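Work through the following exercises with the sequence and the model side by side, and try each task before reading its solution.

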Amino acid sequence: MKIAKEFYWEMGHRLPHHKGLCKNLHGHSYKMCVELEGSLDKNNMIIDYFDLTKIVNKIIEPLNHAFLCEETDHIVRDFLINNNFKVYLVPFVSTAENIALHLLKLLKEQLKSYNNIERIKVRLCETNDVYAEASDTI
Ligand SMILES: [Zn+2]
């Protein structure tokens, strides 16, 4: 059995070493679909949507209207921090693939205690027509 829920937030980023437009400061309306697979618990649910929303919102809140900045991107990092802008520092290039993997890891940690959940899939859409998807066991 599977359940899934979509979540949305706004976030800026850039790919510092990209040869094209992605090196510029820009943002996306991100959409993430979290899919969970497992067996039903005593309440006949994989997880209560309310609990899933609480878990995911806690992860998304620091990202929403923040700039996702690679730690080594000193030009942008220093500008954001020195001017008190909302910044979310990461040790990786902020491709959709890496963001999906990062969110998958954070979600996995939060779902460890749910023994009935076996697999998780995170689909991250940067725009309407592209997505990166990562999945793992819980
Ligand atoms: Zn982008």
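The exercises below go from the overall fold to the sheet, the core and single residues.

This is a predicted model, in which local features need pLDDT of at least 70 and side-chain atom pairs count only at pLDDT 80 or more, while totals for chains, interfaces and linings use all residues. Residues are numbered from 1 along each chain as its sequence is written.

**Exercise 1. Overall fold**

Task: Determine which pattern of helices and strands the protein chain follows along the sequence.

Solution: Begin with the elements themselves, which are DSSP runs numbered from the N terminus, helices being H or I over at least four residues and strands being E over at least two. The secondary structure of the protein chain comes to three helices and six strands, and reading along the sequence gives β-β-α-β-α-β-α-β-β. Next, take the overall dimensions: along its principal axes the C-alpha trace spans about 50 × 30 × 20 Å. Finally, consider burial, where a residue is buried if 20 or more other C-beta atoms, placed from the backbone, lie within 10 Å of its own, exposed if 12 or fewer do, and partly exposed in between. By this criterion, 25% of the 138 residues in the protein chain are buried.

**Exercise 2. The sheet**

Task: Work out the order of the strands in the open sheet, and explain why β4 and β6 each have one side without a neighbour.

Solution: Two strands pair if DSSP finds at least two bridges between them. The open sheet of six strands has the order β4-β3-β1-β2-β5-β6, and its pairing is mixed. Because β4 and β6 (130–137) stand at the edges with a single partner strand each, one side of each is left without a neighbour in the sheet. From one strand to the next the twist averages 30°, where axes are lines fitted to C-alpha atoms, for helices over the stretch in contact, and angles between N-to-C directions run from 0 to 180 degrees.

Now follow the individual pairings. Strands β1 and β2 are antiparallel and share 12 bridges, with M11 opposite H28 and W9 opposite Y30. On the β3 side, β1 (residues 2–13) runs parallel to β3 and is joined to it by two bridges, in which M11 has A66 as its partner and G12 has F67. Strands β3 and β4 are likewise parallel, over four bridges, and L68 stands opposite Y88 in β4. The chain passes from β3 through α2 to β4 in a right-handed β-α-β crossover, a term that applies if, with the strands pointing away from the viewer, the path from the first strand over the helix to the second runs clockwise.

**Exercise 3. Strand β3 and the core**

Task: Establish which residues of β3 are buried on each side, and which element gives the largest share of the largest nonpolar core.

Solution: In a regular strand the side chains alternate between the two faces of the sheet. In β3, A66, L68 and E70 are buried on one side, and F67 and C69 are buried on the other, so that five of its five residues are covered in this sense.

A nonpolar core is a set of buried Ala, Val, Leu, Ile, Met, Phe, Trp, Tyr and Cys residues joined through C-beta atoms within 7 Å. The largest one has 26 residues, and V34, A100, L103, V122 and L124 have the most contacts inside it. Two or more residues come from each of β2 (26–38), α1 (49–60), β3 (66–70), α3 (96–111) and β5 (117–127), and the largest share, six residues, comes from α3. Helix α3 lies across β2, β4, β5 and β6, at about 145° to β5.

**Exercise 4. Two residues compared**

Task: Decide whether K31 and N83 are buried, partly exposed or exposed.

Solution: K31 lies in strand β2 and is partly exposed, because 16 other C-beta atoms lie within 10 Å. Leaving out residues up to four places away in sequence, K31 touches E6, Y8 and C125, a contact being a pair of residues whose C-beta atoms, placed from the backbone, lie within 7 Å. K31 and Y8 are 23 residues apart in sequence and 4.6 Å apart in space, C-alpha to C-alpha.

N83 lies in the loop between α2 (74–82) and β4 (87–90), and counts as exposed because it has 8 C-beta neighbours inside 10 Å. N83 and I3 are 80 residues apart in sequence and 41 Å apart in space, C-alpha to C-alpha.

Notes: Contact = placed C-beta atoms within 7 Å.
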